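Subject: Handover of a structural model

Dear colleague,

Please find below the sequence and structure that I am passing on to you. My findings follow the display.

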Amino acid sequence: MNRQRRAILPKTYAESSDLSESEIPKRVQSARKRGKHGIGKMFHRSLDAVIRSPTSADIDQAKKNVQYGIEILNQIEKELEQARVRLSDLEQQREAVQKDIDLNQSIASSLRNIPDEILSLIFEFYVESDTWASPWVLMSVCHQWRAAAIRTRRIWSRILLTHAVHDPQRPNERRWLGYEACHTIPLLQKALDRAADAPLHISLDFGHRPEASVSGEEDTLSRQLLETLGTSGADRRIFELDAKFASIEWIKKIEFDKFEFSALEMAWLTTSLRNLNACIKKTSPCLRWLHLEKYPGDALDWDLSGMTRLVLLWLSGGQGRVPCGLETIKMIRSASHLTELRVWYLKLPYLPSDESLSIPSLLTLVLLGAEVECKLDLPNLQTLTINSSTVSKSEADPLIFPSLTSMTIIKGGPDGLLHIRAPKPLILDIMIFDTLSLIPTLNGIMNHVILLGHLSIRVLRLTTREINPQSLTDFVGKILHLEEVEFHGLISRPKEFFDDLAGPPPSAKTQLINKKPICTSLKTFRLHIPPIASSTAEKAMMKWFRKAVEARKKGMYPIEEAFYWKTDLEIWVPVL
């Protein structure tokens, strides 16, 4: 099969330059129109020669055009260089004007009008609210802030005495856990000068090390630091003293006869520091807060008549709970103004003649790893925190707390709850991350506390990561008169729970018409999903949460307030 040949134009580019505009390629037409300096005309002639065979005259003209183009290119380069210089000048002018604007905005800022007294309060809140906050950061903002920071003595009042740099990677770091780290005499003297007459918060951190591992240089330096603290008069300005990490042998042997802790109100101590404890007992009439770590064999002979908070931590050396003697019970009884008591790893035994440990002024009781066998008479107790503590051994003598309004369970089973009675509506806070411990705890609370009516739970706060949806539904659904629920840290996907919370849909079958949602008295629900949860799990839970709230809103048991935690904004945001 013969193909039809394409028709040949009567005129080719080589044969004639008299072509119409429609016959000339578009790139040629655009090239004729561009630029100044006569470039368009020059390339007009050159391109006319391209579309046909060049003659000798065309070649000569092309060479002239090249020379002319080089001259034009050099001229353009000069103009570009002038433009760059001009652009650089404009950028410098813009930067100078912007700096001037920023300076004037800073002068006109409302922060400039804040009185130094208010700045001092803000600085104190900043340093006290964050462990890693440093007043040195405030010093570097401006002259006004620097002057206000220097005058705010309280932000310089937290001083740490140590014989070594805490962070070898940052040997010049001045702060450590909110304290001004002082491992030399000059640093300590400067820190005391900055604090001036402000109440001091002193921490002694020389480590729990045997005496043989402490070098002679460290020994001498530590003694000099303590002597400087005593001879400078700073001991009479100590408001808070933390010596729980100062239990090395040479400190136990130091005589504190020259010290006077007349302003001391809060102390962290161990019973092994006998000389320091004796000095504090003798010279601290204002002591109100005592955290005492007791070692086996050490006696307790503190006068707690003026104490408002007491923490007893028993260090048993891995031998389990240590039974305390009658002298400890007597000491606790002497605290007639005690409002908070924390007991760790201690066993309070039965008292003779079936007596009870009565503390009428106590408002807060924390039992962590403790076992309480004696009767407790705490008529004004409002807050109770337990973990695996055994509160009572006898069912015939239940612990009745008529004023209890808040209870927290941490990492523990239900044994500590079996014999507690609280008639008032209660806030129950459960914080258990171990799934194996969580389910027995919930079942024990449900079977032995809720169903028997020993506790009336009004607010439930559950902090956990994973939980079986059916177990969660069974537990929450059994709490009558529950008004508020708050979930923290949940990363599992309890869809069945949210379905039961929503109740049957309006299009439910006949056999589901009479079924109600769980927690019919619920008014407030808060959901906090941690950042470690996957985006898929977060989206799914938020979807089920919204559906449940919308369904309850359309039904007979609406949830009045529903919020979720907005992590980036750190606020509670309404779901709908």
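A charge is taken to sit over a ring if NZ of Lys or CZ of Arg is within 6 Å of the ring centre and within 35 degrees of the ring normal. In this predicted model, the charged end of R526 sits over the ring of W572, at 6.0 Å from the ring centre. A lysine is placed in a similar way: the charged end of K281 sits over the ring of W302, 5.0 Å from the centre of that ring.

Overall composition

The protein chain contains 15 helices and 24 strands. Of its 576 residues, 42% are buried. Among contacts with a separation of 6 or more, 57% are between residues 24 or more positions apart. The chain exposes about 32500 Å², and carbon and sulfur atoms supply 53% of that area.

Nonpolar cores

In soluble globular proteins, nonpolar side chains tend to be buried together. Here the largest nonpolar core has 120 residues, and L161, W302, I430, F475 and F525 are those with the most contacts inside it. Helix α15 gives the largest share of this core, namely seven residues. A second, separate core has 11 residues, including F123, V127, L138 and W145.

W302 merits a further remark. Leaving aside residues up to four places away in sequence, W302 touches L269, N277, I280, K281, L287, L290, L292 and M331. K281 is thus both a contact of W302 and the residue whose charged end sits over the W302 ring.

Aromatic pairs

The structure holds 13 aromatic pairs. In one of them, the rings of W136 and W156 have centres 5.0 Å apart and planes at 75 degrees; planes over 60 degrees apart count as edge-to-face, so this pair is edge-to-face. The pair links distant parts of the chain, 20 residues apart: W136 lies in helix α5 (residues 135-139), and W156 lies in the loop between α6 (143-151) and β1 (158-161). W136 counts as partly exposed because its relative accessibility is 24%, while W156, at 4%, counts as buried.

W268 and W289 form a tilted pair, with 4.6 Å from centre to centre and 40 degrees between the planes. This pair too links distant parts of the chain: W268 is in strand β6 (residues 266-270) and W289 is in strand β7 (residues 289-294), 21 residues apart. W268 is buried, with a relative accessible area of 15%, and W289 is buried as well, with 11%.

Ring pairs also link F487, F497, F498, F525 and F545 into a cluster.

Helix α14 and its surroundings

Which residues of helix α14 are buried? In this helix (residues 495-502), they are F497, F498, L501 and A502. These residues cover an arc of only 135 degrees around the axis, which puts them on the same side of α14. They pack against α13 (469-477), β21 (484-488), β22 (524-528) and α15 (535-554). F497 and F498 thus belong both to the buried residues of α14 and to the ring cluster. The helix is followed by G503, whose phi is positive, near 85 degrees.

With kind regards

Note on methods: Residues numbered from 1 in each chain as written. Predicted model: local features only at pLDDT ≥ 70, side-chain atom pairs only at ≥ 80, totals over all residues. Heavy atoms only, no water. Buried < 20%, exposed > 50% of the residue type's maximum accessible area, 1.4 Å probe, protein only. Helix = DSSP H or I, 4+ residues; strand = E, 2+ residues; numbered from the N terminus. Arc of directions from axis to C-beta. Contact = heavy atoms within 4.5 Å. Areas by Shrake-Rupley, 256 points an atom, 1.4 Å probe, with all protein chains shown as cover. Phe/Tyr/Trp six-rings, centres within 6.5 Å; stacked < 30°, edge-to-face > 60°. Core = buried A, V, L, I, M, F, W, Y, C linked by side-chain atoms within 4.5 Å.
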